[in-house]
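Open the model in your viewer and keep the sequence panel visible. The stops below say what to select next and what is there.

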Amino acid sequence: AMEFSTAAFLLFSALFRTTVASKKTTSPGTGSNLLQIELEHNLGPNGAFLPRGFIQLKSLKSTTASFHQNNKLTQDELVNLKTMAKSSEFYKIRSVSQIHDINPEYDSHVATCAKACSLIQSGLTETIRIHKDDEGNIYGLSLEINSPCTTFNTGIKIPSQFNTTIHVEQGAINMGPDTQPYLEKFEREKREKESGQDNRSFLQKYW
């Protein structure tokens with residue numbers, strides 16, 4: 001059975017405001033419109049989101065898609081990913097929540113995450129599921145990694161390219177837990193722990 005990371009049960013996030021849009025391209029030599037969903041991940045400085053690549057679909061009703069990585073991971077990105085794994089942090093991805101005709105200044109995202117150490121131990125092999133409808137609304141993402149997060153091997157060699165399989169789930173779904181507040185709480189507690197300023201009581205922390 002496929003094993004998910006600790007955070008993989010957080011399949012869907014609430015929508016939150018951002019500034020990246022999906023776009024249409026024309027396939028060379030065919031004249032056909034292809035839909036591209038921009039994908040970002042948190043491998044920038046201090047966990048900032050950076051462009052990772054795009055997911056390409058033939059139409060709004062497509063049930064198949066492919067992932068295209070922009071560039072190989074840089075040395076800085078590989079170091080950031082390994083640092084996240086050592087600290088048992090989450091690797092996060094996000095995409096736009098609509099595939100067509102949207103205002104980039106008021107667009108929203110859906111996001112999901114998995115343990116960084118699981119991603120590394122899988123050799124960056126993953127399955128991304130997109131949950132959408134025929135109108136181009138994306139309800140959620142899920143990130144599935146078939147590798148348990150055991151003791152992290154700091155000497156493991158990390159490939160610079162993802163081995164990504166895309167599955168498209170069509171139709172209505174049952175929404176899972178709200179991911180974004182959980183991630184914000186996790187990052188806030190991490191900062192407080194690092195600064196030694198966590199003065200909350202036991203009930204405040206865990207209730």
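**First stop: a salt bridge between two strands**

Select arginine 52 and glutamate 126: the two form a salt bridge, with the closest N and O atoms 2.0 Å apart. A salt bridge here is a side-chain nitrogen of Lys or Arg within 4 Å of a carboxyl oxygen of Asp or Glu. The pair links distant parts of the chain, since arginine 52 sits in strand β4 (residues 50-57) and glutamate 126 in strand β8 (residues 125-132), 74 residues apart. Helices (H or I, at least four residues) and strands (E, at least two) are DSSP runs, numbered from the N terminus. Arginine 52 and glutamate 126 are both buried. Buried means under 20% relative accessible area, exposed over 50%, and partly exposed in between (1.4 Å probe, protein chains only).

**What kind of model this is**

This is a predicted model, in which local features need pLDDT of at least 70 and side-chain atom pairs count only at pLDDT 80 or more, while totals for chains, interfaces and linings use all residues. Residues are numbered from 1 along each chain as its sequence is written, and side-chain values use heavy atoms, with hydrogens and water left out.

Colour the chain by pLDDT, the predictor's confidence in each residue, from 0 to 100. The protein averages 76, and 64% of the residues score at least 70. Strand β1 (residues 16-17) has the lowest confidence, at a mean of 31, and strand β5 (residues 66-69) the highest, at 96. Now select residues 1-31: the pLDDT is below 50 over this stretch, which nevertheless has 105 contacts in the model beyond near neighbours in sequence. A contact means heavy atoms within 4.5 Å. Where pLDDT is low, the predicted coordinates should not be read in detail.

**The whole chain**

Switch to a cartoon view. The protein has 4 helices and 10 strands, and along the sequence they follow the pattern β-β-β-β-β-α-β-β-α-β-β-β-α-α. Among contacts between residues at least 6 apart in sequence, 69% join residues at least 24 apart. Of the 207 residues, 43% are buried. Turn on the surface: the accessible area is about 11200 Å², 49% of it belonging to carbon and sulfur atoms. Accessible areas come from the Shrake-Rupley method with a 1.4 Å probe; for residues, only the protein chains shown count as cover.

**The other salt bridges**

The structure holds 4 salt bridges. Side chains of opposite charge can pair when their charged atoms come close.

Select glutamate 40 and arginine 94, which form a salt bridge with the closest N and O atoms 2.6 Å apart. Glutamate 40 lies in strand β3 (residues 33-41) and arginine 94 in strand β6 (residues 90-96), so the pair ties together parts that are 54 residues apart in sequence. Glutamate 40 is buried, with a relative accessible area of 8%, and arginine 94 is buried at 12%.

Next, select arginine 129 and glutamate 144, whose side chains meet in a salt bridge (2.6 Å, N to O). This pair also links distant parts of the chain: arginine 129 is in strand β8 and glutamate 144 in strand β9, 15 residues apart. Arginine 129 is partly exposed, with a relative accessible area of 22%, whereas glutamate 144 counts as buried at 9%. Add Glu169 to the selection: Arg129, Glu144 and Glu169 are linked in a network of salt bridges.

**The disulfide**

How many disulfides does a search of the whole structure find? It finds 1, a disulfide being a pair of cysteine sulfur atoms within 2.5 Å. Select cysteine 117 and cysteine 149, which form it with their sulfur atoms 1.6 Å apart. The torsion about their S-S bond is about -80°, so the disulfide is left-handed. Cysteine 117 lies in helix α2 (residues 116-121) and cysteine 149 in the loop between β9 (138-144) and β10 (163-170), so the pair ties together parts that are 32 residues apart in sequence. Cysteine 117 counts as buried at 3% relative accessibility, while cysteine 149 is partly exposed at 32%.

**Last stop: glutamine 69**

Glutamine 69 lies in strand β5 and counts as buried, at 18% relative accessibility. A polar atom of its side chain lies 2.7 Å from the backbone oxygen of asparagine 71. The backbone oxygen of serine 160 lies 3.1 Å from a polar atom of the glutamine 69 side chain. Show the surroundings of glutamine 69: leaving aside neighbours within four places in sequence, this residue is in contact with Arg52, Gly53, Ser160, Gln161 and Phe162. Arginine 52 is also the salt-bridge partner of glutamate 126 from the opening stop.

Technical notes: A polar contact is a pair of N or O atoms within 3.5 Å; within protein, one must be able to donate a hydrogen and the other to accept it, and residues adjacent in sequence count only if both atoms are side-chain atoms.
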